[in-house]
Amino acid sequence: MADITCKLLVIGAGPGGYTCAIRAGQLGIDAVIVEADRPGGTCLNIGCIPSKALIHAAEAYETVARAADGNAALGISTAKPSLDFAKTIAWKDDIVRRLNGGVSGLLKRAGVRSVAGRASFHDGKTVAVETTNGVQLIHAETIVIATGSVPIELSSLPFGGRVISSTEALALAEVPNGLVVVGGGYIGLELGTAFAKLGADVTVVEAAPRILPQYDGELSEPVAKRLRTLGVTVLTSARAMGLNADGTALVVETADGGQTTIEADKILVTVGRKPATSGFGLELLDLDMNGPFIRIDDRCRTSMRGVFAIGDVTGEPMLAHRAMAQGEMAAEIIAGHRRAWDHVAIPAICFTDPEIVTVGLSPGEARDKGFEIKTDLFPFKANGRALTLDRDDGFVRTVARADNHALLGIQGVGVGLAELSAAFSLALEMGARLEDIALTIHAHPTLGEGLHEAALKSLGHAIHI
Amino acid sequence: MAERVVRLPDVGEGIAEAELVEWQVKVGDLVREDTVLGAVMTDKATVEIPSPAEGRVVWLAGKVGDVLAIGSDFVRLDVDGKSEASSATTAPATQTANAPSIQKAAPVASVVPSPSSAPKHIAPSLQPAATPPRREGERPLAAPAVRLRAREAGIDLRQLRGSGPAGRITHDDLDLYLAGGTTVTQHQAKTAVTDIKIVGLRRKIAEKMSVANARIPHITYVEEVDVTALEDLRAKLNEQKRADRPKLTLLPFLMRAIVRAVAAQPELNAHFDDEAGVIHQHAAVHMGIATQTGPGLVVPVVRHTEARDLFDCAAEMIRVTETARSGTATRDELTGSTITITSLGALGGLATTPIINHPEVAIVGVNRIAIRPHWDGAAFVPRKMMNLSSSFDHRVIDGFDAAQFVQRIKTQLETPAMIFIDA
């Protein structure tokens, strides 16, 4: 097989990798992308997209099921719904398939050559790809490492059998009767909530004193409340010790030091993700590392000339949109543009019920950085649109500097709040002040008015509270 | 409305104009009788102009730095208080002549410091006032498109001050910076120009220096003086000094030495009126002492040095320089010197080229005392050495006479007993 020589080689076709390759192609760079699996990476195939599909299906099912129970306040009643979960999964798979095809098409249109197979480094300029037709050598002037991340396995609960990762949880043949989620972070709670709505008996085991420990308590509380409503058992300050003797239940050390055993069809371990840095000869390059991550500078350059790294392999937050922004930037830098990572904020969304959106600094983080702040929140209890959605839980919160009112952060929790993240991010990235938000007309009736009112409140003249 | 015109009074003898150095009121202000309206400066002194009546200020004669004719309208007051204030600002033009003040009328034009005449810094209008400067390490506030443009242009946004709300850097700020006319904070080529209007004392100094340097062909003569013996004597005198006597510096000795030197060479203690072609030799030795004050250089005068002993010279010198520094010197204390001493004290330097205090003909400059090796014929010995840098009006003082004068001073300072013994 003839060697390929190119200007740019991207290893991994996840959101970071494919964005990098497409942008490079747009800029006229001769680019090759290598992917062992289907394009789209974790996000598209076994992460964001399929989980959102499942969450949506679960929401729809739960709404109908609630109506069937006669609990719907909207006056709708119906017979008890039934769920063909295989069909649900098929619907989800179809979405993924369409997006796989979309990414492939975009790469092709940008003139990027795709090579299917697992890559491994020979040196900083040469990579071997095990394709179905044999080993393909690729020589590249510049290489972008975009290998992503994988779920962390607990030594006491190795994956296999009943113990599953998020990947398997998104491809179950049926809804488990009993599901234990080990790890009350955003991945575990998103999936746990979905399965609870689909009828599973869900228990969440979290080692920290509360769920979603990466968020402040103000933001996680509405989610904890909703989990109780949905009948999800949450064990905090609890540790998963391992399976019981016959492997049918999880042994948990509870907060009081006692032990309890939870029967479960499936035990979903979501204790975090780790960068994919092994198994492809990365050690041959002897790059500088930053803990488990590849160390990069503000231009995504590693310690080796001509080798870039983007996405989850480079550190937290492990989010697709961060990887995409890095990929786009890396491609432009490789094309000779002057770029550097100077973003004010990377939005993060937790698709629980209700959804949590965070952009920029929380009040605590802002104070820790030495800012004097004004922070206020506007509760959806006082928002007309929230009431018409039959969900008045949650709020929008602004964090601004006390001296010049420049916004440092915007957070919120509420149903469907994810779509507000665009407004939050734009405000921060544009350097908005509280006055800018206050003087912007926010459409009525929308949840977005919450942002308006929170800013007004900080300025001392909220209207609706 | 009843208008009362306050004219600029005759603030000095025979002067035709005065420079406006301060307004203490503005249009619209209510003033009482005797409220100070503003201050003007003549060649001699700063004079505050009080209001002769009660009323509301409706018009001011000009801005600080303008030269106003004596007798011209200074302030107009609305004295019945019924009319609105700001309507009368368009008034007929007054005689705000910009010609330099007349030098001839002042035989010795020493100048008076006025505490209120500090130069006004005219800030470039580009700088927004409201925004506090960014703290060290704080990232600048700018929209992504601005950040990208800056990066592409190779500009570090930390170097810019933003004109937007909260100090946000806008596209306009960037344009301005790219055009080269903007506010740079550090480590960049700086292009801003700060305009400082030369008014008051600084203007007087500038005028005097120009006249002196343009009209007088200077000859500067630098000589080395061994002051070891003088310093020993001075130390002893200070050690044993009476409580009622001032501490002695080197200057009183020099003053006395000059008195004796000009006694032998009276042509050096003189005023040269070059327009009349006359040299006025003075019998009195009024010693000007060039003195640095907050607003600038002034020359207070120790009068009749020839009639004062060493301690009297010292005490009077301390008194007049203090009044000069505090801005309380009278006209008499600042005029009439016949020869001048200039000393930069500890900063004295190796040599200087003093400018003569016009219309005098000589100025003696004192440089720093330093211990230097001196060849005594057999070995190097450490001696306290000091240079005198003296300038003379070469039109009327020949180099030989200048040198002889300095040698007379040198001889006395090196053998200080000679200062006190009439030979």
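**Exercise 1. In this predicted model, find how strand S12 (residues 239–243) of chain A is joined to S13(A), and in which direction the two run.**

Solution. Start with the bridges: there are four between S12(A) and S13(A), and the strands run antiparallel. Next, take one pair as a check on the register: Arg239(A) has Glu253(A) in S13(A) as its bridge partner. Last, look at the connection. Five residues lie between the two strands of this hairpin, and Gly247(A) adopts a positive phi near 75°.

**Exercise 2. Follow S13(A) to its other partner, strand S14 (residues 259–263) of chain A, and describe the pairing.**

Solution. Count the bridges: five join S13(A) to S14(A), and these strands run antiparallel. Then pick a residue of the pair: Val251(A) lies opposite Thr261(A) in S14(A). Finally, inspect the turn. S13(A) and S14(A) make a hairpin with five residues between them, where Gly257(A) has a positive phi of about 95°.

**Exercise 3. Sort the side chains of strand S13 (residues 249–253) of chain A by face, and state which are buried.**

Solution. Walk along the strand and note that the side chains alternate. One face takes Leu250(A) and Val252(A), both buried. The other face takes Ala249(A), Val251(A) and Glu253(A), which are not buried. Two residues of this second face appeared above: Glu253(A) as the bridge partner of Arg239(A), and Val251(A) as the residue opposite Thr261(A).

**Exercise 4. Place Asp201(A) in its strand and explain why it counts as partly exposed.**

Solution. First, locate the residue: Asp201(A) belongs to strand S10 (residues 201–205) of chain A. Second, count neighbours: Asp201(A) has 18 C-beta neighbours inside 10 Å. Third, apply the cut-offs: a buried residue needs 20 or more, and an exposed one has 12 or fewer. Asp201(A) therefore counts as partly exposed. Fourth, list contacts beyond four places in sequence: Asp201(A) touches Asn177(A) and Gly178(A). Leu179(A) is 22 residues from Asp201(A) in sequence, with 6.0 Å between their C-alpha atoms.

**Exercise 5. Describe how helix H1 (residues 15–26) of chain A packs on helix H8 (residues 320–334) of chain A.**

Solution. Take the geometry first: the axes are 7 Å apart and the angle is about 30°. Roughly parallel means under 35 degrees, so H1(A) is roughly parallel to H8(A). The crossing is right-handed. Then list the residues that meet: H1(A) contributes, among them, Pro15(A), Cys20(A) and Arg23(A), and H8(A) contributes residues including Met324(A), Glu328(A) and Ile334(A). By class, this contact comprises nine nonpolar, five polar and three charged residues.

**Exercise 6. Do the same for helix H5 (residues 250–264) of chain B and helix H8 (residues 399–414) of chain B.**

Solution. The axes come within 9 Å and cross at roughly 135°. H5(B) and H8(B) are therefore oblique to each other, and their crossing is right-handed. In H5(B), the residues in contact include Phe253(B), Ile258(B) and Arg260(B); in H8(B), they include Phe405(B), Ile409(B) and Leu413(B). The classes are eight nonpolar, one polar and two charged.

**Exercise 7. How many residues of chain A are in contact with chain B, and of what classes are they?**

Solution. Chain A places 13 residues in contact with 12 of chain B. On the chain A side, three are nonpolar, three polar and seven charged.

Key: Residues are numbered from 1 along each chain as its sequence is written. Chains are lettered from A and ligands numbered from 1 in the order in which they are written. This is a predicted model: local features need pLDDT of at least 70, side-chain atom pairs count only at pLDDT 80 or more; totals for chains, interfaces and linings use all residues. Two residues are in contact if their C-beta atoms, placed from the backbone, lie within 7 Å. Ala, Val, Leu, Ile, Met, Phe, Trp, Tyr, Cys and Pro count as nonpolar, Asp, Glu, Lys and Arg as charged, and the others, Gly among them, as polar. Two strands pair if DSSP finds at least two bridges between them. Axes are lines fitted to C-alpha atoms, for helices over the stretch in contact, and angles run from 0 to 180 degrees between N-to-C directions. Angles under 35 degrees count as roughly parallel, over 145 as roughly antiparallel, 65 to 115 as roughly perpendicular and the rest as oblique. A crossing is left-handed if the near helix is turned anticlockwise from the far one by less than a right angle, and right-handed if clockwise.
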